[in-house]
Amino acid sequence: MGMPSSDDVVLIEPAKNSGDPTVVTVNCPDQAGLGCDLCRIILEFGLSISRADFSTDGRWCYIVFWVVPHSTSHKVNWDSLKNRLSCASPPCLGPFYFDQKSNVTSVPSLYLLKFCFVDRKGLLHDVAKILTELEFTIQRVKVMTTPDGKVVDLFFITDGLDLLHTEKRRSDTCRHLASVFKECCISCELQLAGPEYESLQAFSSLPLPIAEELFSCEQLEEKTCSQALCTDTIADKATVTVDNNMSPAHTLLQLKCIDQKGLFYDILRTSKDCNIRVAYGRFSSSLKGYRNMDLFIQQTDGKKIMDPKHQLMLCSRLKAEMLRPFRVIIANRGPDTELLVANPVELSGKGRPRVFYDVTLALKTLGICIFSAEIARHSTQDQQWEVYRFLLNENCEVPLASAQARKQIVDRVKKTLMGW
């Protein structure tokens, strides 16, 4: 296989007609979890993977994604996407690369963006939308509404362009936010995060009843359907089968699942966290609302998965992640109403992209105002979660005390997160 130049690591072929997918090809040295990392970036750019093919010999990989925007109005910066995918791919340095496997990717610097706004409906989503368009990733957030109708937002962000260390990037960001929100913007500051970030790390523990409701529903029986992602029979929503006869060197996983946003990312994220190597995979186009995937996999020692207990554990984990990549509930927080959304965190420590964006979009669509919001981590026995807590404003058009209204909120948030 020829060695591509750095410019050829990622190739993007624009869609020929409106509605057609854009073809993204990645041709580079392989590394553990690379497919998951690339899918995460694609999801971060507001794109859905309609098809995918990838293969690797353990040293070199070739991946093709067919991608489409989540919405027709969404504008994608394809040059920036190419740059981000190229940066995530191992360098094409020939034999030198294979002698440098211990190299560790640097952790991006964390910055604090501090806003003060005059409050209005949908403000939090509008801010999240601008930050997403500017290619910032929201790592933590603390939003507080003051008695005089002002909102103080603390966004802890990282920069996909890795330019926040420059005065120009910081000043351009503040000027852009001020120009978009005009008279609503009272002040805007952007600086390297300091000790105030550490205070948000110690996230107040969830009350035990809330934690149990949010995290203990691991079983997938029909009786839990009210908290599942659909109302149909749960067993029909996802299937995983194992075949060790198809290939002499690999175990074949055949997966079928209802189509949803980020499905391929969830599968590769789970495989990465379970130390599974994917040698070849095909992610087929949606057929009658379902996706079919074929994955030829190995353990880290290069052997097939023959242990029935290991097979059962992997299949159960994949099925659970496909069925419920999010947990969404509404609970009482004293006299107030709180929306909680949780999603698994990768073992690498990375959270899922665009969750804050999607949840605030769903609430804005319903006309529900947010009194306060925060993001932090919560650990259960075998999983770390990113938890989004939104204290909802009672002075809105929706009667939050109504069971029907609460169900409507949960359903809308789930459907927005799943892309339905």
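In this predicted model, aspartate 126 has a relative accessibility of 14% and therefore counts as buried, the limit for that class being under 20%. Its side chain meets that of arginine 120 in a salt bridge, with 2.9 Å from N to O, and arginine 120, at 32% relative accessibility, counts as partly exposed. Side chains of opposite charge can pair when their charged atoms come close. A search of the whole structure finds 26 salt bridges, and a few of them are taken up again below, once the sheet and its helices have been described.

The sheet in question is open and has 8 strands in the order 1-2-4-3-11-12-10-9, with antiparallel pairing. Strand 1 (10–13) and strand 9 (238–243) stand at its edges, and because each has a single partner strand, one side of each is left without a neighbour in the sheet. From one strand to the next the twist averages 20 degrees. Helix 1 (residues 34–44) packs on this sheet, where it touches strand 2 (22–29), strand 3 and strand 4 (60–69), and its direction makes about 20 degrees with that of strand 4. Helix 9 (residues 308–323) also packs on the sheet, touching strand 9, strand 10 and strand 12, and its direction makes about 155 degrees with that of strand 9.

Within the sheet, strand 3 can be followed through its pairings to both neighbours. Strand 3 runs antiparallel to strand 4, to which 9 bridges join it, and one of the facing pairs is threonine 56 with cysteine 61, its bridge partner in strand 4. The hairpin of these two strands has 3 residues between them, and in it glycine 58 takes a positive phi near 95 degrees. Strand 3 also pairs with strand 11 (residues 277–283), again in the antiparallel sense, over 4 bridges, and here alanine 52 stands opposite phenylalanine 283 in strand 11. Of the 10 residues of strand 3, 7 are buried, so the strand is largely enclosed by the rest of the structure.

Serine 50 gives a local view of this strand, which spans residues 47–56. At 18% relative accessibility serine 50 counts as buried, because the class takes in values under 20%. Apart from its neighbours within four places in sequence, serine 50 is in contact with Pro21, Trp66, Val67, Phe283, Ser284, Ser285 and Arg291.

Farther along the strand order, strand 10 (residues 251–258) and strand 12 (residues 290–298) run antiparallel and are joined by 8 bridges. Leucine 255 stands opposite methionine 293 in strand 12.

Helix 8 (residues 263–273) is mostly covered, since 10 of its 11 residues are buried. Among these buried residues are Leu263, Phe264, Tyr265, Asp266 and Arg269. The helix is followed by asparagine 275, whose phi is positive, near 60 degrees.

One residue of helix 8, aspartate 266, leads on to arginine 352, since a polar contact of 2.5 Å joins their side chains. Arginine 352 has its place in the loop between strand 14 (336–344) and helix 10 (355–366), and at 8% relative accessibility it counts as buried. A polar atom of its side chain also lies 3.2 Å from the backbone oxygen of lysine 261. When neighbours within four places in sequence are left aside, the contacts of arginine 352 include Arg40, Leu43, Tyr265, Pro325, Phe326, Asn343, Glu386 and Tyr388.

Two residues from that set of contacts return us to the salt bridges. Glutamate 386 forms one with arginine 377, their closest N and O atoms being 3.3 Å apart, and both of these residues are buried. Arg40, for its part, belongs to a network of salt bridges that links it with Asp37, Glu44, Arg84, Glu135, Lys272 and Glu346. A further salt bridge, at 2.8 Å from N to O, brings together the side chains of arginine 333 and glutamate 338. Arginine 333 is partly exposed, with a relative accessible area of 32%, whereas glutamate 338 is buried, with a relative accessible area of 3%.

Terms used
Residues numbered from 1 in each chain as written. Predicted model: local features only at pLDDT ≥ 70, side-chain atom pairs only at ≥ 80, totals over all residues. Heavy atoms only, no water. Buried < 20%, exposed > 50% of the residue type's maximum accessible area, 1.4 Å probe, protein only. Contact = heavy atoms within 4.5 Å. Salt bridge = Lys/Arg side-chain N within 4 Å of Asp/Glu carboxyl O. Pairing = 2+ DSSP bridges. Axes fitted to C-alpha atoms, helices over the stretch in contact; angles between N-to-C directions. Polar contact = N/O pair within 3.5 Å; in protein donor to acceptor, adjacent residues only side chain to side chain.
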